[in-house]
Amino acid sequence: MAVTFHHGVRVTQNSSDVTTVRLADTSVVGIIGTAPDADAAAFPLNTPVVVTNPTAASALGTAGTLYENLETIFDQQYTKVVVVRIDEAADSAELLANAVGSSISLTGINAMLKATSLGLPKPKLLLAPGIGTTAPADGIASVAVTAGGEDYSGAVTLTIAGATGQGCKLSATVAGGVITAVNIDKPGWGYTAPVTVTATDGAGSGATFTATIGSVMNPIVAEAMSVAEKLKAMFYADGPDGTDAQAVAARNLIGSKRIFFCDPRVLKSIDGASTPMPSSALHVGTQAKMDKLHGPHWPGTNVDVAGIVGLNRAIVYGDQSDYLNENRVNTVINRGDGFKTWGVWTCASDSLWQFVNVVRTTDAVNEAIEDAFMAFVGRPMTLANLDAAVWSGKKALKDFESDGMLLPGSVFKLSDDNTTTTHVQGIVKFTMAFEVPAPMIDIRIAAYRNVEVGYTLLFNAVTGEVSIEAE
């Protein structure tokens, strides 16, 4: 601090204090859907709006997909819900297009990315219930390179066209000026042959391709993967609610730790009739409940659910629920003690990220540290500030351990990669290591007959003396 003349006493707060690390609210839901009778002023199209209870949602009206699914969420837990209303559509293809929206104009599911810029909480539990629950059979399943061409750079633009279809996005792998592979970033839907793929890149020429139409990931799931990654959120996807095999086949098309896949639909009583409804809202509601009661390290499984009267396809606990869970399909069971959510699984291709609570808690800790360390940006690289940063990180991880979010042994320290070359550029590197407790999903108890001890104790207790009370 620059010292100026003063005759007396002055107290100045030290700016090098340890920074407090706080978790953001992980129970915030983000839902997109239709509400044709909504008050357009209260719920503009493709605009995030926060509601916290059914009364606040009344301006949506009861038609469309939003109202009943919001009610299902609130049946489990009152929580903040970021609502994005999309336009109605003449058919399922148009509805899918509205739900997918645009990553440029931030419409559809991409509108969730506008939430924080509007001063709203960041949605962490995303869903689009009742929209696109099946895997399209007319997306771009693969693109083979029939000729790699020459003189291509790493900035190849691939365009695809068919007699019909939309939503497919491709990227190219280039080596030595030759296109060696085509990656399907988004498979799209509604394509019919013939399909052509064209590569554009300055001096590059000669590449040709063959595209194959087939069963692909649901378009809303494909788009939600990108949105969830940017928000460090989880998207709850609904299965086709056909057979168990169909649910597994649809799940197997997804390989992202950001997707929680659930099947079948549940039954709700609406106007006195048992009506099939997406189960994603149920799983989101129970997870929000666990977040509020315990934290994101408690998965929303084995939790009693409210507001449903049954399942649209019966799921028997044991072989059937095991088959679904083994294939990372989360479901709902009833063992005679009420309906409960059943499953902790993401669609991650890497088993290290197969548990939903591990992914979500890791996100929560990483974001909390990142947000807290914004306070150090711009400070001089002094011993006091570096010490304060290290101790801020250490204290935060220990606090998270005390709360049961992390296992013992967390580490936060200066990285061994720090050099004078990076220091002089204002770059400081830290390293952090922690572990989220895995959920107990397979509890094994070995049981044995206690013949020797049981009979020995029985006969040792025999005395031959029996007392009979007189009548």
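A salt bridge here is a side-chain nitrogen of Lys or Arg within 4 Å of a carboxyl oxygen of Asp or Glu. With that in hand, let us walk through this predicted model, beginning with its charged pairs.

## Salt bridges

How many salt bridges does the structure hold? There are 17. Side chains of opposite charge can pair when their charged atoms come close. Three of these pairs are set out below.

| Pair | Closest N to O distance |
|---|---|
| Arg313 and Asp241 | 3.3 Å |
| Glu223 and Lys186 | 2.6 Å |
| Glu229 and Lys232 | 3.5 Å |

Take Arg313 and Asp241, whose closest N and O atoms are 3.3 Å apart. Arg313 sits in the loop between β15 (310-311) and α6 (319-326), while Asp241 belongs to the loop between β11 (234-238) and α4 (244-251), so their contact ties together parts that are 72 residues apart in sequence. Are the two partners buried or exposed? Arg313 has a relative accessibility of 13% and counts as buried. Asp241 is buried as well, with a relative accessible area of 11%. The pair also belongs to a wider arrangement: salt bridges with shared partners join Asp241, Asp244, Asp263, Arg265 and Arg313 into one network.

Next come Glu223 and Lys186, whose side chains meet at 2.6 Å, N to O. Glu223 is part of helix α3 (residues 219-231) and Lys186 part of strand β8 (residues 178-192), so this salt bridge ties together parts that are 37 residues apart in sequence. Here too the partners are covered: Glu223 is buried, with a relative accessible area of 4%, and Lys186 counts as buried at 12% relative accessibility.

The pair of Glu229 and Lys232, 3.5 Å apart at the closest N and O atoms, has another setting. Glu229 is partly exposed, with a relative accessible area of 35%, and Lys232 is partly exposed at 31%.

## Strands and their partners

Now to the sheets. Strands of a sheet pair through backbone hydrogen bonds, either parallel or antiparallel.

In what order do the three strands of the open sheet run? The order is β14-β13-β15, with antiparallel pairing. β14 (273-277) and β15 stand at the edges with a single partner strand each, so one side of each has no neighbour in the sheet. Between strand β13 (residues 266-270) and β14, the antiparallel pairing runs over five bridges. Within this part of the structure, Ser269 stands opposite Ser274 in β14.

A parallel example is offered by β11 and β12, which pair over four bridges. Tyr236 has Phe260 as its bridge partner in β12. Phe260 and Cys262 point one way from strand β12 (residues 259-262), Ile259 and Phe261 point the other way, and all of them are buried.

Strand β6 (residues 157-161) makes a nice contrast, with Leu158 and Ile160 on a covered face and Thr157, Thr159 and Ala161 on an uncovered one. β6 pairs with strand β9 (residues 196-200) in the antiparallel sense, over five bridges. On the uncovered face of β6, Thr159 has Thr198 as its bridge partner in β9.

## Surface patches and a buried asparagine

Two surface patches are worth a visit. Asp37, Asp87, Glu88, Asp91 and Glu94 form a negative one. One of its members, Glu88, lies in the loop between β3 (81-86) and α2 (92-100). Glu88 is partly exposed, with a relative accessible area of 33%; because patches are made of residues with over 30% relative accessible area and no salt bridge, this value is enough for the exposure cut-off.

The other patch is nonpolar: Val451, Tyr455, Leu458, Phe459 and Val462 together have about 540 Å² of accessible area. Among them, Leu458 has its place in helix α10 (residues 451-460). Leu458 counts as partly exposed, at 49% relative accessibility.

Finally, look at Asn357, found in helix α7 (residues 356-373). Asn357 is buried, with a relative accessible area of 1%. How far apart are Asn357 and Gly295 in sequence and in space? They are 62 residues apart in sequence, and their C-alpha atoms are 9.3 Å apart.

Notes:
Residues are numbered from 1 along each chain as its sequence is written. This is a predicted model: local features need pLDDT of at least 70, side-chain atom pairs count only at pLDDT 80 or more; totals for chains, interfaces and linings use all residues. Side-chain values use heavy atoms; hydrogens and water are left out. Patches are made of residues with over 30% relative accessible area and no salt bridge: like charges are joined within 9 Å, nonpolar side chains (Val, Leu, Ile, Met, Phe, Trp, Tyr) within 5 Å. Accessible areas come from the Shrake-Rupley method with a 1.4 Å probe; for residues, only the protein chains shown count as cover. Lys and Arg count as positive and Asp and Glu as negative; His and the chain ends are not counted. The place of a charge is taken as NZ of Lys, CZ of Arg, CG of Asp or CD of Glu. Helices (H or I, at least four residues) and strands (E, at least two) are DSSP runs, numbered from the N terminus. Buried means under 20% relative accessible area, exposed over 50%, partly exposed in between (1.4 Å probe, protein chains only). Two strands pair if DSSP finds at least two bridges between them.
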